[in-house]
Amino acid sequence: MHKQHVKGKMCRASAAVCGAVLAASSWAAETAQSAAPKINDPARGWDSLWHEVIVDITIIGILFAVVTAWFVFTSRRTAGNQTGASPKLSAASAVGWTVLPIFIFLSIDLYTAANGWVLWNHYRDVPADRLEVKLESGMYSWDYTYPNGVRTQNELIVPAGKPVMLRMTSRDTLHSHYIPDFRVKEDSMPGRVTYLWFHPTKPGEHLVTCAEYCGVMHSYMAGRVIVKSADEYAAWMKREETQLAAAGAPAAAETGAPVAKPAARPKKT
Amino acid sequence: MNLKEWIFTTDHKRVGILYLIGSLAAFAVAGIMALLMRAELSTIGPTITANPTNYNVWLYTHGAVMILGFQIPALTGFFANFCIPLMIGAKDVAFPRVNALSVWLFYVGVILALATFFIPDPPDIMWTGYPPYSTITTGNTAMYSFTVLILGFASIIGGVNFLTTVAYMRAPGITLNKLNIFVWCTLGAFVLQLIFVPVLGTAVSLISMDKYLGTNFFDPAKGGDVLTYQNLFWFYSHPAVYVIFLPFIGVVFEVISSHARSAVFNYKMVVYGGIGGIVLLAGEVWVHHLYVSGMADWLRIGQMVTTLMISIPVGLMMISLVGTLYKSSIAFTTPMLYALGVVFLFLIGGLTGIPLAVPSLTLAVSDTYYVVGHFHYVMAVAGTFAIFAGIYHWFPKFSGRMYNELWGKIGFWLTFIGSNVVFWTMMDIGVDGMPRRYYDYAHFPQFESAHQLMTAGAVVLGLGFAIAVLNWIIGAMKGPPAGDNPWGSPSLEWTTVSPPPHGNWPSPPSVADDWHPYSYRKG
Amino acid sequence: MAYDAHHAEGHAHAHWDTSVWPFVISFGILFLAVAFSLHFVYHSSFAAVLSLGLAFPMIIAGVAGWTSEAMGKGEGLSYGAMGWFILAEAMIFISFFVAYWYTKLHVEVWPPAGNVTLPKVLPLVMTFVLVSSSLTIHYAEHLLHLGNKAGFRTWYLLTMVLGATFLGMSIYEWSHLIHAGFTISTNAFSTIFFSVTGLHGSHVVVGLAIFMAGLPSVLRGTDIDEGFMRTAGLYWHFVDIIWFFVVSQIYFW
Ligand code: HEA
Ligand code: HEA
Ligand code: CUA
Ligand SMILES: [Cu+2]
């Protein structure tokens, strides 16, 4: 589905050990970058951060496992009445063995947290130039309403190159609008409005699936995001609009979502 | 054998054995549920049932019973009951009748949980029981609420009992710095239970009240809020994973140090840094289960940091476990194999929690099989291995007999291989998008072969567990006599006869000044 | 430290302690749960009543049997244990309050439609009654400690009367509100109101039940278990303190 390239993971991972200072600086650097008007597609950031964290934990895991295996291998019991011969810890080394690991682990944690925070800000930084669609989920369908009142079910049709934001609510149980290809999901629920956004760049189709247990048919609650080229999208939208007008429906009025309090808000709305 | 003296017993060892029998029975049933689920998932579309509700009920029963009916009772019921009074040199617990009440309440809870198979409209709300589904389903939500309430109450009175016991009933000379790590770990777990179980009790009561008594806690139309439940639920259920983790890692400490005949490395670091750190942090991380639930941003970010920081106390405990092995004298007995298995497999499970702790990463993998893989590694594999290690380790003590080493090892290797096949594959397909709680994965046909592999692995894994259980049953009936101290451990429980009589010792044991539960070498 | 195993085993087999009451209470509770399900889920009230008919006798017999078996044999550990238990109890109330705040602070309009104005004077009178009862039980314990059993009895009974009065006022208020159409299902606030005051009320009932369990020995004036009385008093103080939170949060905020 998605494989990503490795870039300098090893040195990044060892940098982790150097601690919070580095973490802070890398954070500062990346936030400066994100101030530029370009779109920070979080999906791409997800791939590289995911990869990086996996490499980090693999290194930690292998380190621990190898040391353990070594101790196990060298400490087999050879005589029935043999007991262990590990040296007694002095008070100073007991403290050292506590404080030093704390600092090392803490710096790995803070470094990871800093990177996670940067990526989080990309997720919250919804581009102002976007297509905003309302989503009402229900057992068991996804109902989208476009700004001009056009509605679709289980098919979210969007133009390539434009960020898409969903404002979501639910008419019954919890659901979660999950688009694996764009690495996003967020629950929808009655009484609150949640949001998610993604940035489709090329025409194509992407699976949408429900990731929050919502009832008997949970596993069948699926749909598609269909990304069309800008022209095709415009043509499609035109057709839908005329159809809507012919049906005599009020244009931009009456969206599916009931009045509800917003849950987490994006940075800029 | 006098049956009345077993059923109505107030003796901590017998209460413990009752806990053991009940929790293993729960494990067997929940394990069979897992096999049914795996069978269903072995092909796309209906396989062994055409009704998704059946699958959902199995999954509900599997999750709820494994956690609430198997692991928590086995750890804070069986091990705590059997070991704590023996380890601190007490003749029994502070309130023996309360102890008997807690074990029978546990049985009542398990009966309610397993009643799912006999009642119409069984609960199908998953072990998390989120509203609004749990308040609108035709399934019997009340059964879930009462199961949790009764097991929770059993756990609370058990906690009160043990905290009092350790505070007031230690034998002379057993100071706080001479308590077994297991005792410390379990005390930590009980403190967590006392603080957090009532919150869970409240949460699950509220859904039944909303459903049956017409209240409006979670009904937005009347001013309620659905997220309240999720916060209350995870405010308990995250600490609950440390209620499992703490005693199980305590068992691993005992087993490793006994079979490697080596003192626990840096005892005080484990007690104050490890256990203390976990107890302090456990209540500040629950939002990591709500990263995709529309929580406020400051909560998601704040709890990313606290969640990551949990790796510090846990890491300190891992260092101590590994350090204990340094220049030790390891006998590769069955309990030791399981305990070493925990060290390796918990590393995988714990470390795969790290990416989950980062909200921006969790947006993609939350509610997928990646999460399922993570928690089966920490809990189903590491936790169960630790429980098995402990049962094998204290088997000579509580039964007076020896199990069969060869079958023990065969069982171990089958489960070791089987678990890695099943749960590693889960994480793999999870990252690629496989959502959890799916009866059918018709729109993910690419995962069919992986699911088949997992089904096959689950059979191997289950076989290994079944062999272990059979080994105990046969060993308890016809194993050779084990002797009082087959492992050569200085810990206090090995100084009495096997199995220990009522009252444990004729008079309270007294310990030498230089005694320590881990003083393998004299001097 | 090892001792003669055979001797010890032969000796110990003579008496493993037993008690039937925990078993009886547990299964009584099972029938409670079953009754709830029968009535509310399967709408079979007759079977529910039968189940309750098993539950209540078992629980009551269990508690009574337990009390008579164990009363006066305490080793003075229950006071410390009660402290831990109160921690757990307090968390239940905290959960309710947090649920309340979480719901209330997230919405623009509060209280939701359908509310009535709650009385302001009655809760203050109730507070006064409950606080007095806390003082009376404290004084009773003090007298018991000094050995004044008659005085202890008077103040002990007075405490029980005050507790019952509180409960009576609570019932009065509930019935008034329910008559005014304000029930537990009116809206989110009524839900909170009735469940929190109900929960507190149930704790008053439990406190009174504990006093009842001690009553026979108090009236007799012999083997009064001082540890038991102190523990009962501790629980009562806790019930009193919780009331302050209930009053301030539910009635006046
Ligand atoms: C015994 C049970 C147990 C334990 C111990 C843990 C331990 C941890 N868990 Fe896990 N978890 C569960 C049981 C458990 N979990 C369950 C049951 C669920 C799902 C429930 C459901 O939804 O049904 C879950 C879900 C879950 C989620 C939610 C995922 C989602 O639903 O979206 C998250 C997110 O943060 C998480 C994180 C963690 C972390 C960070 C730890 C940490 O405690 C791990 C710490 C350990 C290590 C890190 C390894 C050892 C340390 C070192 C070697 C030191 C050096 C390392 C570093 C500095 C990184 N877990
Ligand atoms: C301690 C907890 C624990 C344990 C041990 C297990 C063990 C197993 N689990 Fe489970 N699991 C959970 C806790 C646990 N699980 C939880 C909390 C969930 C989430 C629930 C939810 O979503 O709400 C879950 C979900 C879950 C799923 C996800 C389903 C879905 O999302 O759709 C799957 C799928 O394969 C699975 C599989 C397994 C398997 C194959 C085992 C195997 O390891 C089981 C092997 C054991 C046996 C087969 C029993 C052995 C037999 C005996 C002991 C009998 C012997 C007796 C005699 C011989 C007389 N589990
Ligand atoms: Cu909708 Cu699951
Ligand atoms: Cu958690």
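The six donor atoms around the iron atom of ligand 2 subtend angles of 86 to 179°, so the arrangement is octahedral (six donors count as octahedral if opposite donors are over 155 degrees apart and all others between 65 and 115). This is a predicted model, in which local features need pLDDT of at least 70 and side-chain atom pairs count only at pLDDT 80 or more, while totals for chains, interfaces and linings use all residues. Residues are numbered from 1 along each chain as its sequence is written, chains are lettered from A and ligands numbered from 1 in the order in which they are written, and side-chain values use heavy atoms, with hydrogens and water left out.

**Iron of ligand 2**

- His62(B) and His376(B) are the protein donors of this iron atom, each through NE2 and lying 2.0 Å from it (donors are N, O and S atoms within 2.8 Å of the metal, or 3.2 Å for Na, K and Ca; water is not among the atoms, so sites may look incomplete).
- The pair links distant parts of the chain, 314 residues apart: His62(B) belongs to helix α3 (residues 52–87) of chain B and His376(B) to helix α14 (residues 369–399) of chain B (helices are DSSP runs of H or I with at least four residues, strands runs of E with at least two, numbered from the N terminus).

**Iron of ligand 1 and the copper ion**

- The iron atom of ligand 1 has a single donor from the protein, NE2 of His374(B), 2.2 Å away.
- His374(B) is found in helix α14 of chain B, the helix that also holds His376(B).
- The copper ion (ligand 4) has as protein donors His238(B) through ND1, and His288(B) and His289(B) through NE2, lying 1.8 to 2.1 Å from it.
- The sequence spacing of the copper donor residues is H-x49-H-H.
- A distance of 4.5 Å separates the copper ion (ligand 4) from the iron atom of ligand 1.

**Interface of chain A and chain B**

- Contact (heavy atoms within 4.5 Å) takes in 79 residues from chain A and 87 residues from chain B.
- The two chains bury about 7,100 Å² between them, 67% of it on carbon and sulfur atoms (buried area is the accessible area, with a 1.4 Å probe, that two parts lose on being put together, summed over both).
- Three salt bridges are found across this interface (a side-chain nitrogen of Lys or Arg within 4 Å of a carboxyl oxygen of Asp or Glu).
- Arg124(A) and Asp297(B) form a salt bridge at 2.6 Å, N to O.
- There are 30 residue pairs in polar contact, both at pLDDT 80 or more (a pair of N or O atoms within 3.5 Å; within protein, one must be able to donate a hydrogen and the other to accept it, and residues adjacent in sequence count only if both atoms are side-chain atoms).
- On the chain A side, α3 (42–74), α4 (91–124), β8 (192–198) and β9 (204–210) each supply at least two residues.
- The largest share of that side, 16 residues, comes from α4(A).

**Interface of chain B and chain C**

- Here 74 residues of chain B are in contact with 56 residues of chain C.
- Chain B and chain C bury about 5,600 Å² between them, 75% of it on carbon and sulfur atoms.
- Phe8(B), Arg97(B) and His502(B) lose the most area to chain C in chain B, together 13% of what that side buries.
- The count of salt bridges between chain B and chain C is zero, and ten residue pairs are in polar contact, both at pLDDT 80 or more.

Note on methods. Tetrahedral: all angles 85-135°; square planar, octahedral: opposite > 155°, others 65-115°.
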